[in-house]
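Visitor: Please show me the structure, and let me ask how its descriptions are justified.

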Amino acid sequence: MSNIPENLRYSKDHEWVEVEGDVASIGITDYAQHSLGDVVYIDMPRVGDKLSAHEAFGSVESVKAVSEIFLPVAGEIVEVNDGLNDAPEAVNNDPYSAGWMVKVKMDNPGEADAMLSAVEYEEYLSASA
Amino acid sequence: MRYIPNSPSERDEMLTSVGLTNAKDLFRSIPEDVQLNRALKITEPLAESEVIAAMEAMAAKNSAATKPSFLGAGVYSHFSPTIVDHLIQRSEFFTSYTPYQPEISQGTLQYIFEFQTLICQLTGMEVANASMYDGSTAMAEAYLMAQRVTRRDKIVVATSVHPEYREVARTYTHHGAAEIVSIPFDERTGRVSDLSALDDKTAALVVQSPNFFGCVENLERLAAAAHAVGALFVVVVTEAISLGLLKSPGACGADIVVGEGQSFGIPMGFGGPHVGLFATQEKFVRNMPGRLCGVAYDKNGNRGFVLTLSTREQHIRREKATSNICTNQGLIALAATIYMETMGRKGLQEVAMQNAQKAAYAAKQIAAIDGYEIAFSAPTFNEFVVRGPRGSVEILEKLRTQDGIIGGLSVSKYYSDKPNEFLVCVTETNTKGHIDALIEGLSE
């Protein structure tokens, strides 16, 4: 059973978003990390990159595959989790905290509200299982 | 690949099973007006003895193969020990393709790993790939890699880089975002000096050393200038034997070293097939093109060779792949590996030293001939530019027809402002007798 914290918002691409003011922290969900397997590298955007919603902002490389990661909300990258360069396994071990990937200054802070709630994401997972 | 012969009745059976009556129907989807619709214009079949006679007659026309030659300019005459040809002819090595379950071919992966290790040691870099097509395409891939790493598109390349390399790279990158800017070389030294084109839009500074004129560039200075603007420093090596003697590009600050491995025991042929070298620093490895072999240990602690970071490659990552170079010049890389391992560290140094000393002797003797001088003042390895008293095409033609010597390459072929200059290359295959004959031919 996947861990799905209630205070976060979720995308159907299996990213999570935590909103503080107009800044959203973004990572991949427990379900996503479990599906990918051992993460060995994360290709990240650079601070200052401006991206639109649903645009790929990087990729997660596990032992057997590379998966794109999509930005659920439009905005500008204001911080990147450099710690993942040395410890990409944090995405597996602690996807919702140490495994965060980027912080985005949202163009439209309301955009995150339209994402799935924890309950909706759980339903989405069970429906697609 | 197996050879599976089939008889006319088997062919008919196959056609019937796909609902056709004639093999020609297989090509129906090709427009009529581009189909050949006639037999190929080739000669009638010959008996084996006739083929041999025809081939021998053709080979005899290649008088260049027996004349003393001082041609270099990217393809070099070096001695290749017999063991190289002997070992690569083992049938296990006959395909350049790494199988789709590559780890089943431990022998192939092991030699690729050894090749990579040797290239790292010679270039002074941390990682090298399993090879590229040739030096020029390796250089083009370095442009693309520098663009990926820096997210900039301006490539500053010296005009003292081999003109054909620059042409290939221009073609290769034609439809991409690269903006290629040329910088001149100093007419006195033959080295790159004017770096004013470098700016904060520059992805890479690309130089060759020894350069097209044989001049050894001041790599440390160029590396510092590239790094000062946040650009990568790309060093191209067309004469790999020089790595046996000169300070490695890596030790001089190179971020990417690309080159041609033909000097490592590969015949000159008609300019191919050769093998491209590509090495970089580990921090850039995910942006490096090409296959990469690594070492891993299984759960019992046994060593095995593996393809590593394959997720950069097209068969896994499709259009997002770092490059589409997945199949390397496997057989040629194998030959180069056997050459390097046969020569060893001391042997390579010895060959390099012989090249440098013989070339220095030749340069000194030529410079003493009335009307001749060495065109550039920078230090050289085994190649140098001679400025003659008249057109170099005429000088070389006289040597060829009257003295039976291929004296070098007319620089005017690529640099129209240098009609009297020609490039002379001296390797360990040139005897003192060859060199003295060249001097005599020039003196007349």
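**Two helices and their chain**

Guide: In chain B, the axes of helix H9 (residues 330-367) and helix H11 (residues 432-443) come within 10 Å and cross at roughly 20°. This is a predicted model, in which local features need pLDDT of at least 70 and side-chain atom pairs count only at pLDDT 80 or more, while totals for chains, interfaces and linings use all residues. Residues are numbered from 1 along each chain as its sequence is written, and chains are lettered from A and ligands numbered from 1 in the order in which they are written.

Visitor: Why are H9(B) and H11(B) called roughly parallel to each other?

Guide: Angles under 35 degrees count as roughly parallel; the axes of H9(B) and H11(B) cross at roughly 20°, and the two helices are therefore roughly parallel to each other.

Visitor: Which residues make the contact between H9(B) and H11(B)?

Guide: H9(B) contributes B:Lys358, B:Tyr361, B:Ala362, B:Gln365 and B:Ile366, and H11(B) contributes B:Ile435, B:Leu438, B:Ile439 and B:Leu442, where contact asks that C-beta atoms, placed from the backbone, lie within 7 Å.

Visitor: What makes chain B as compact as a globular protein of that length?

Guide: The globule rule, 2.2 Å times the number of residues to the power 0.38, gives 22 Å for 444 residues, and the radius of gyration of chain B is 25 Å, close to that value, so the chain is as compact as a globular protein of that length. The C-alpha atoms of chain B fill a box of roughly 80 × 55 × 50 Å, taken along the principal axes.

Visitor: How many helices and strands are there in chain B?

Guide: Chain B has 11 helices and 13 strands, counted as DSSP runs (H or I, at least four residues, for helices; E, at least two, for strands).

Terms used: Axes are lines fitted to C-alpha atoms, for helices over the stretch in contact, and angles run from 0 to 180 degrees between N-to-C directions. Angles under 35 degrees count as roughly parallel, over 145 as roughly antiparallel, 65 to 115 as roughly perpendicular and the rest as oblique. Two residues are in contact if their C-beta atoms, placed from the backbone, lie within 7 Å.
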